[in-house]
Amino acid sequence: MTTTAPMLEPGRLGPLELRNRIVRAGTSETMADERGAVTDEYVALYETLARNDVGLIFTGHLYCAERGQYARRQTGIYSDNLVPGLRRVADAVHRHGGRILAQVAHAGSQSRVQAGTEPLAPSAVPNALTARDVPEATPAEIGEAIEAFAAGARRAVDAGFDGVHIHAANGYLISEFSSPTANRRTDAWGGSAEGRDRFALEVARAVRAAVPASMPVTMKLGMVDATPGGLGLDESVRRSERLVTAGLDGLEISCGVMRAASDSARQYVAVDRRLAAEDLLIHRLLSEPAPEAYFLPWARAVRSAVDTMIVLVGGMRTTQTMNRVLAAGDADLVALSRPLIREPDLVRQLARGRTGRVDCTSCNICLLHEGHHSLRCWRTPRRKLVEHALFRLGGGLRR
């Protein structure tokens, strides 16, 4: 008698049933046009993932306000005019039995867009990643940003998505409001852990109110900052409990405010200490490879304190690790980004019995695309060329 691997068992996220427990984690695509509208290339990316049986897809971050755009050619959800294009994406995924959540985001002061409207920041401090100076948001601007998240969520529902995933990590606006280094306010939107909770909580409530109860609302939550004196795990665990009470169906565990990498590469910091976010994102370029599942201790901390569905992302590269995390109950779903850039048909291969390590080497060259060219794995064409050359020479190439 054969048993099904945990990652291939049916899953659930709130009211949404999933065909397996593998999630495509959101990542920038740089496949929109200059106004953030969906292109044929963007539709094809998500249709390919659904055709290859990915259990749940998180889109890349969709900017909900024009001043919340992160980079050129980022996909938007800030206008009703963008809904028809987004509906093409949801329809393409559903044609293949897939499920997809729209990841709604606001870049805050981490925006790399120089033209157009001024970005938004909780406090007038240089952004830790970009060093950009942005004025402190007024209470009216904060209210507008919360409504922008809610309006983006309503558009996601109108476009036929299966739910909404709120981006509150990686140094974007919600992450900034949650951080003591980015949020220096002394009013009700800062000044204490409870004050720093407020923006995330108000966004969660507004989005939940905009989305039918039959559809999940989840959040990608930054747990620990890379900045000295930044957000710590204990504060984030308490915040996660309040967010779930506010109506979230699940949490994706991630990192908080990031900082720019120094000229001399720092070594990877073990997960039981504070993680430098740049080591997480480009550790293959600047330092020794990191162990798998580097957010796992944070997921366990949330699991022990909060009754919610947990999505674990973070460098998982072997089937053994993915199945072990799920079998132990440390997470309910496992999320992959870079492996599915390299191998969009990975889930189908796993269903056919493939085990061991995925092809992705975490070189992170794919991460250098933002604003310049479409998302792709730069190693794949080289491998295919080698295979073709060896085939022509009669030698073949065994995988």
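How far apart should the ends of helix H3, with its 20 residues, be at 1.5 Å a residue? In this predicted model, H3 covers residues 139–158, and its expected span is 28 Å. The C-alpha atoms at its two ends lie 29 Å apart, which agrees with that expectation.

A good part of H3 is hidden from view. Its buried residues are Ile142, Ala145, Ile146, Ala148, Phe149, Ala150, Ala151, Gly152, Ala153, Arg155 and Ala156. The cover over these residues includes helices H2, H4 (173–178) and H5 (193–210), together with strands E6 (100–105) and E7 (164–168). After H3 comes Gly160, with a positive phi near 95°.

Two packed helices can be described by the angle and the distance between their axes. For H1 (residues 40–51) and H2 (residues 83–95), the axes come within 8 Å and cross at roughly 25°. Because angles under 35 degrees count as roughly parallel, H1 is roughly parallel to H2. The crossing is right-handed. On the H1 side, Asp40, Tyr42, Val43, Tyr46, Glu47 and Ala50 make the contact, and they meet Arg88, Val89, Ala92, Val93 and Arg95 of H2. Seven of these contact residues are nonpolar, four are charged and none is polar.

A second pair is formed by H5 and H6 (residues 233–245), whose axes come within 10 Å and cross at roughly 35°. Here, too, H5 passes H6 in a right-handed crossing. H5 contributes Ala193, Glu194, Arg196, Asp197, Ala200, Leu201 and Ala204, while H6 contributes Glu235, Arg239, Arg242 and Leu243. This contact holds five nonpolar and six charged residues, with no polar ones.

How values were computed. Residues are numbered from 1 along each chain as its sequence is written. This is a predicted model: local features need pLDDT of at least 70, side-chain atom pairs count only at pLDDT 80 or more; totals for chains, interfaces and linings use all residues. Side-chain values use heavy atoms; hydrogens and water are left out. Axes are lines fitted to C-alpha atoms, for helices over the stretch in contact, and angles run from 0 to 180 degrees between N-to-C directions. Helices (H or I, at least four residues) and strands (E, at least two) are DSSP runs, numbered from the N terminus. Angles under 35 degrees count as roughly parallel, over 145 as roughly antiparallel, 65 to 115 as roughly perpendicular and the rest as oblique. A crossing is left-handed if the near helix is turned anticlockwise from the far one by less than a right angle, and right-handed if clockwise. Contact means heavy atoms within 4.5 Å. Ala, Val, Leu, Ile, Met, Phe, Trp, Tyr, Cys and Pro count as nonpolar, Asp, Glu, Lys and Arg as charged, and the others, Gly among them, as polar. The expected span of a helix is 1.5 Å times one less than its number of residues. Buried means under 20% relative accessible area, exposed over 50%, partly exposed in between (1.4 Å probe, protein chains only).
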